Amino acid sequence: MDAAFSLPTMPHPALSCYDILFAVFQHLESPEETWYDYDPTIQESSAWHIRHAAAENRRTLASCAQVCRAFFQPAVALLWRDVDDTSQLFDLLRAAPLCSAEPIAGRCAGDEKGKLACLSNQAARALQYAWHVRAIHGPRKQVRSHRDQSRLPAWVQMQPLFPQLRYLRWTMSASHRTNCDFAELVPSSLHGLHLVFPRQTQGNGPSTAVSDRPCQDFARKLTSEFVLKARSLRYLRITVLDKMHESWLDSVSGLPLGQLETFDLESPPEASAPLSFLRPLAALQYLRHLGLRLPGSVPAVGADAFPSLCTLMLDANLVQLRAISAFLSTISSHSLESLTLLNCQSTSAAINFEMHELADILRRRFSGSLRRLVLNLLGTSHPQAEPQSLTKTLEPLLDVHAMSDLTLSLSRDVHALTSSKEDLRKMAKAWPKVTRLHLSYGGAALSVHDLEYLAHHCASLTDLIIPAIDASVSQGEDVLLRRQYLPRHGLRFLSLHDGGTCSTIPNPGRLARWLDTLFPKVDWRCPRGGSEPWQDTVEELVQLRIARLIHGNVSNL
């Protein structure tokens, strides 16, 4: 073979540079934000695409580590940055032979390299893996007990095992000793902590329910130990999947949480945050995100409560609207951008006044910052409550012109709040910057002209749910005539709250052509359980979009 075409025998020098390879492999690393996405009830990430992408990236990194020695170290360093649990690492540590039976702490008091020199290659390699760990995401499935995951050999020195650990998710084990041993591994560098207290163990196994008094006391002690070890804690999430007595979290309020930015307490419907717990939270200067279930009676938390709050998610737990309004009026933050109020209730005859008062507080205190609002109202209206238009009741909210995301969800039994065809027009005129508008309640059906008005005034709208639609023959014919003069709106999602059961759709094909003219970019999906006319409309819309895409591809050839 000609020398000019001979293959090089030596790899490029860049392939032997650890820093270059590490920078390349970092593109396969999962972002730190993926640690926050976790549903304890299924022990998985909430979004399927996050799970899929993380699994694919880990498989690719594992393949890279097997290519050659130069690839091994940087690929393995990234592989061990994010682990589901510590079981495999602890298996390596337990199986590693020692050069001597003496504890490592007693033989090596110097730096980390000196400690590794005292160990066998397998033990040193296992410790190096541990030093790479940045996030423990939580077990994806229960394949072994927490006793197995946390049982360490006696020679392992506890404190420096995870020096780079920043995010930890720990599910409380039935073994109290296991929990305490793992609490000793928490480094001061920890920024994010998620503690999960599972449901009570069935059968003859030991109980792990927080409803048991001994477990409540231990849970209080365990939480304190974790938080005290992490002096720089920024994120604290506590998930209780079983019954919880209100006094369980009292001790947490006395912990050093001065740097805390996010606190999220998830508890069963029959449980709520203790009254004494809210006051210390309200005094935290850096708390920006708060989520919890309100107690039955909301206490006074002070005039300057929550000075830096940006996101507030409250499960009202059927607390009356007056109590919620009183709580919101104490928030002193001028940066509240997102407010979620779930399971609100008003059983008084003055429900319209109470709703108007709540809306007025939001306007007076947060009109300059509020961008997202979710309001969920349950219960049954008082029989003497006088019906009133929804937009009239919530009229103060129409002055919050910077609103970009609004969800109104009302129970069908809340008869005191009625909707009219003018509601959508008033909302479109009041909130021109809205990108998502979910109107999930029973009400008057909207016409095609109402939707055209919305498209004209809300050019940025991408996600829309309306109560129902009126597609009678007299509606929308002029829309088709003005097709070429209408702007192409960017709406991506459109759905009917009633599924079409209360809508008037005499001709699904005609309605499909109207909607396709107004919103040509919607990604239509056939609804489940909807009325037959609405299902036929969506199927026709899908065919119209497919035909348009095919015609566009042919025209471009």
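Reader: What pLDDT does the protein average, and how many of the residues score at least 70?

Author: The model is predicted, and the protein averages a pLDDT of 78, with 75% of the residues at 70 or above. Residues 143-148 fall below 50 and have 11 contacts in the model beyond near neighbours in sequence. Residues 553-557 are also below 50, and that stretch has zero such contacts. Where pLDDT is low, the predicted coordinates should not be read in detail.

Reader: Why is Phe-306 called buried?

Author: A residue is buried when its relative accessibility is under 20%. Phe-306 has 0%, so Phe-306 counts as buried. Its place is in the loop between β7 (289-293) and β8 (311-315).

Reader: What is notable about the phi of Phe-306?

Author: The phi of Phe-306 is positive, at about 50°, although the residue is not a glycine.

Reader: Why is Asn-343 called partly exposed?

Author: Partly exposed residues lie between the 20% and 50% limits. Asn-343 has a relative accessibility of 23% and therefore counts as partly exposed. Asn-343 belongs to strand β9 (residues 338-345), and its phi is near 60°, a positive value in a residue other than glycine.

Reader: How do you know that Arg-169 has no salt bridge?

Author: A salt bridge requires a side-chain nitrogen of Lys or Arg within 4 Å of a carboxyl oxygen of Asp or Glu. For Arg-169, the nearest side chain of opposite charge is that of Asp-84, 8.0 Å away, so Arg-169 is without a salt bridge, yet buried.

Reader: Which backbone oxygen does the side chain of Arg-169 reach?

Author: The side chain of Arg-169 reaches the backbone oxygen of His-137 at 2.5 Å. As the limit for a polar contact is 3.5 Å, this pair lies within 3.5 Å. Arg-169 is placed in strand β3 (residues 167-171). Not counting residues up to four places away in sequence, Arg-169 touches several residues, among them Trp-35, Tyr-36, His-137, His-194 and Arg-237.

Reader: What makes helix α18 mostly covered?

Author: Nine of the 11 residues of α18 (residues 508-518) are buried. The buried residues include Gly-509, Leu-511, Trp-514, Asp-516 and Leu-518.

Reader: What does a side-chain oxygen of Asn-507 reach at the start of α18?

Author: At the start of α18, that oxygen of Asn-507 comes to within 3.2 Å of the backbone nitrogen of Gly-509. Gly-509 is itself one of the buried residues of the helix.

Definitions and conventions. Residues numbered from 1 in each chain as written. Predicted model: local features only at pLDDT ≥ 70, side-chain atom pairs only at ≥ 80, totals over all residues. Heavy atoms only, no water. Helix = DSSP H or I, 4+ residues; strand = E, 2+ residues; numbered from the N terminus. Buried < 20%, exposed > 50% of the residue type's maximum accessible area, 1.4 Å probe, protein only. Lys, Arg positive; Asp, Glu negative; His and termini not counted. Polar contact = N/O pair within 3.5 Å; in protein donor to acceptor, adjacent residues only side chain to side chain. Contact = heavy atoms within 4.5 Å. pLDDT = per-residue confidence, 0-100.
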